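Student: I would like a close look at one loop position in this structure. Please start there and work outwards to the rest of the fold.

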Amino acid sequence: YHSSKATCIAVSDDLIFIGNSEGTLMMFDRETEEEYHTFSEKNKEFVGNTMTAIDVHPTRTEYVILGFEKG
């Protein structure tokens with residue numbers, strides 16, 4: 001992910017979510033700042049499709065909606 005750029009960010013009580021220009025979502029623990037998980041959809045429609053928005057459910061933070069430049 002070294003060539004990608006951060007394009008959007010969201011924060012929950014426990015995690016920091018960062019979407020990038022490659023269409024990957026990286027999650028970090030808010031307290032330790034250590035990587036928690038990385039999500040990257042392998043479907044060809046999402047690879048290289050810039051992530052433009054992240055929305056985290058206010059009470060159930062395991063639910064996250066992602067927006068992409070090309071839908």
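Take Gly23: does it count as buried or exposed, and at what relative accessibility?

Tutor: Gly23 counts as buried, at 3% relative accessibility. That is under the 20% cut-off for a buried residue. Keep in mind that this is a predicted model.

Start with its place. Gly23 sits in the loop between strand 2 and strand 3. Next, look at what surrounds Gly23. Setting aside residues up to four places away in sequence, Gly23 touches Phe39, Phe46, Asn49, Thr50, Met51 and Phe68. Glu41 offers a distance to check: Gly23 and Glu41 are 18 residues apart in sequence, and their C-alpha atoms are 7.7 Å apart in space.

Now follow one of those contacts, Asn49. Asn49 belongs to the loop between strand 4 and strand 5. Asn49 is buried too, with a relative accessible area of 1%. Beyond its neighbours within four places in sequence, Asn49 contacts Ser21, Glu22 and Gly23. Asn49 also contacts Phe68, Glu69, Lys70 and Gly71. Phe68 therefore appears in both contact lists, that of Gly23 and that of Asn49, and both of these loop residues are buried. For a longer reach along the chain, take Ser4. Asn49 and Ser4 are 45 residues apart in sequence, and 11 Å separates their C-alpha atoms.

Two contacts of Gly23 lead inwards: Met51 and Phe68. Both belong to the largest nonpolar core. That core has ten residues: Cys8, Ala10, Leu15, Phe17, Leu25, Met27, Met51, Ile54, Val56 and Phe68. Strand 1 (6-11), strand 2 (15-20), strand 3 and strand 5 (51-56) each give at least two of them. Strand 5 gives the largest share, three residues.

Met27 is a core member worth a look. Leaving out neighbours within four places in sequence, Met27 is in contact with Ile16 and Phe17. Its other contacts are Glu34, Glu35, Tyr36, His37, Thr38 and Phe39. Phe39 is also touched by Gly23.

Now for contrast, three exposed positions.

Glu33 lies in the loop between strand 3 (24-29) and strand 4 (35-40). Glu33 is exposed, with a relative accessible area of 63%. Its backbone deserves a check. Most residues other than glycine have a negative phi. Glu33 has a positive phi of about 65°, although it is not a glycine.

Glu62 is in the loop between strand 5 and strand 6. Glu62 is exposed, at a relative accessible area of 54%. The C-alpha atoms of Glu62 and Ser12 are separated by 9.7 Å, with their positions 50 residues apart along the chain.

Ile65 is in strand 6 (residues 64-68). Ile65 counts as exposed, at 59% relative accessibility. Apart from neighbours within four places in sequence, Ile65 contacts Ala53, Ile54 and Asp55. Ile65 and Ile54 are eleven residues apart in sequence, with C-alpha atoms 5.8 Å apart in space. Ile54 is one of the core residues.

Step back to the whole chain. The protein has six strands and zero helices. Along the sequence, the pattern reads β-β-β-β-β-β. The radius of gyration is 12 Å, close to the 11 Å that the globule rule gives for 71 residues, so the protein is as compact as a globular protein of that length. The C-alpha trace spans about 30 × 25 × 20 Å along its principal axes.

How do burial and contacts add up? Of the 71 residues, 30% count as buried, and Gly23 is counted as buried. Among contacts with a separation of 6 or more, 29% join residues 24 or more positions apart.

Last, the surface and the charges. The protein exposes about 5,200 Å², and carbon and sulfur atoms supply 49% of it. There are 6 positive and 13 negative side chains. The centres of these two sets lie 10 Å apart.

How values were computed. Residues numbered from 1 in each chain as written. Predicted model: local features only at pLDDT ≥ 70, side-chain atom pairs only at ≥ 80, totals over all residues. Heavy atoms only, no water. Helix = DSSP H or I, 4+ residues; strand = E, 2+ residues; numbered from the N terminus. Rg over C-alpha atoms; globule rule 2.2 N^0.38 Å. Buried < 20%, exposed > 50% of the residue type's maximum accessible area, 1.4 Å probe, protein only. Contact = heavy atoms within 4.5 Å. Areas by Shrake-Rupley, 256 points an atom, 1.4 Å probe, with all protein chains shown as cover. Lys, Arg positive; Asp, Glu negative; His and termini not counted. Charge placed at Lys NZ, Arg CZ, Asp CG, Glu CD. Core = buried A, V, L, I, M, F, W, Y, C linked by side-chain atoms within 4.5 Å.
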